[in-house]
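User: I would like to understand how the labels attached to this model are justified, taking each value against its cut-off.

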Amino acid sequence: LRFIKKTIKNHADEVVTVAKGEKMTLREVFQSMNLGPYDLTVDMLDVHADRNTFHRFDKFNAKYNPIGESRLREVFLKTDNYLEGKYFARIIKEVAFDLEESKYQNAELRLSIYGKSPDEWDKLAQWAIIHNVYSDNVRWLIQIPRLFDIFKSNKLISNFQEILNNIFLPLFEVTNNPHSHPELHMFLQYVVGLDSVDDESKPENPLFDKDVPPPEQWNEDENPPYAYYQYYTFANLAVLNHFRREQGLNTFVLRP
């Protein structure tokens, strides 16, 4: 809340997003929601976690949108938006500064890699390096949402192997030759592991036997079961970790 109010006060005329081809300043974004800086309260933001938040994925997801507006999430909580994640980096740096001041507190913050394009890792690493979100008190955990079915229905990918390639190929390349992705090489030294996230209450067919198609043949519209995601993430990560250990680099845990 403090950060949003401060930003509206000092950067109201900065262009922060593009909607329907029109550039919008921060002031215009708030005007489009009929809000001024003085209307905002902590309760109104509605992003605090209570005991219902972690049982229901839909409620958990809704908490990501300040005042229930995906546009504010886009402006303030994304690394790949119109501002190239500038505001998000500033918030993180303020949090990191507080952690450093209190000396004995550490945080493990989460960033998403979706696996829908091969340059996601490079973009994320560039964001981290350009905005210098480094802190001794912060490590990063990368969460991978299980969204194959959504990417498939939007024709972004055609089989499950493409997601695995997009997630793991850049990691193998940078482990093999750090100069191939210099920013990623630096960023990965502060990444501790991978996590798998989605709505665990969704019904699914948990069948995982010898007849299950391998990833390059999994091209149907439905999402692979949870065990399928975990197995292929684990298998790739195990090989990657052996490779990184041989190269004298840090390794990653799988923490779904």
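The exchange below goes through burial, helices, the sheet, the cores and the salt bridges.

Analyst: One caution before we begin is that this is a predicted model, in which side-chain atom pairs count only at pLDDT 80 or more.

User: Why is Asn166 called buried?

Analyst: Asn166 has a relative accessible area of 11%, and buried means under 20%, so Asn166 is buried. This residue belongs to helix α9, and, leaving out residues up to four places away in sequence, Asn166 touches Gly115, Lys116, Ser117, Pro118 and Trp121.

User: What makes Asp13 exposed, and how does Arg27 differ in its label?

Analyst: The relative accessibility of Asp13 is 58%, and exposed means over 50%, so Asp13 counts as exposed. Arg27 has a relative accessible area of 39%, a value in between the limits of 20% and 50%, so Arg27 is partly exposed.

User: How do you know that Asp13 forms a salt bridge with Arg27?

Analyst: The closest N and O atoms of Asp13 and Arg27 are 2.3 Å apart, and the criterion asks for a side-chain nitrogen of Lys or Arg within 4 Å of a carboxyl oxygen of Asp or Glu, so the pair qualifies. The two residues sit in distant parts of the chain, with Asp13 in the loop between α1 and β1 and Arg27 in helix α2, 14 residues apart. A search of the whole structure finds eleven salt bridges.

User: What makes Asp46 and Lys63 a salt bridge, and is each residue buried or partly exposed?

Analyst: Their closest N and O atoms are 3.1 Å apart, and the limit is 4 Å, so Asp46 and Lys63 form a salt bridge. Asp46, at 37% relative accessibility, counts as partly exposed, whereas Lys63, with a relative accessible area of 16%, falls under 20% and is therefore buried. Asp46 lies in the loop between α3 and α4, and Lys63 in the loop between α4 and α5, 17 residues apart.

User: Why can the pair Arg255 and Glu108 be said to tie together parts of the chain?

Analyst: The side chains of Arg255 and Glu108 meet in a salt bridge with an N to O distance of 3.0 Å. Arg255 lies in the segment after β6 and Glu108 in strand β3, so the pair ties together parts that are 147 residues apart in sequence. Both residues are labelled partly exposed, Arg255 at 36% relative accessibility and Glu108 with a relative accessible area of 35%.

User: Why are β3 and β6 said to stand at the edges of the sheet?

Analyst: The open sheet has four strands in the order β3-β4-β5-β6, with parallel pairing. Each of β3 and β6 has a single partner strand, so one side of each is left without a neighbour in the sheet.

User: How do you know that β4 and β5 are paired?

Analyst: Pairing requires at least two bridges, and β4 and β5 pair in the parallel sense over six bridges, so the requirement is met. Ile142 stands opposite Leu194 in β5.

User: What makes the buried residues of α7 line one face of the helix?

Analyst: The buried residues of α7 are Glu120, Trp121, Leu124, Ala125, Trp127 and Ala128. Seen down the axis of α7, they fall within an arc of 155°, so they line one face of the helix. Among the elements that cover these residues are α6, β3, β4 and α9.

User: How do you know that the span of α11 is close to the expected one?

Analyst: Helix α11 has 21 residues and reaches 30 Å from its first C-alpha to its last, close to the 30 Å expected at 1.5 Å a residue. Its buried residues, including Tyr228, Leu237 and Arg244, pack against α8, α9, α10, β5 and β6. Just after α11, Gly248 takes a positive phi of about 75°.

User: Which residues have the most contacts inside the largest nonpolar core?

Analyst: The largest nonpolar core has 42 residues, and those with the most contacts inside it are Trp121, Trp127, Trp140, Ile142 and Phe187. Helix α9 gives the most to this core, with seven residues. Apart from this core lies another, of 19 residues, among them Ile4, Ile8, Met24 and Ile67.

How values were computed: Residues numbered from 1 in each chain as written. Predicted model: local features only at pLDDT ≥ 70, side-chain atom pairs only at ≥ 80, totals over all residues. Heavy atoms only, no water. Expected span 1.5 Å × (residues − 1). Buried < 20%, exposed > 50% of the residue type's maximum accessible area, 1.4 Å probe, protein only. Contact = heavy atoms within 4.5 Å. Arc of directions from axis to C-beta. Core = buried A, V, L, I, M, F, W, Y, C linked by side-chain atoms within 4.5 Å.
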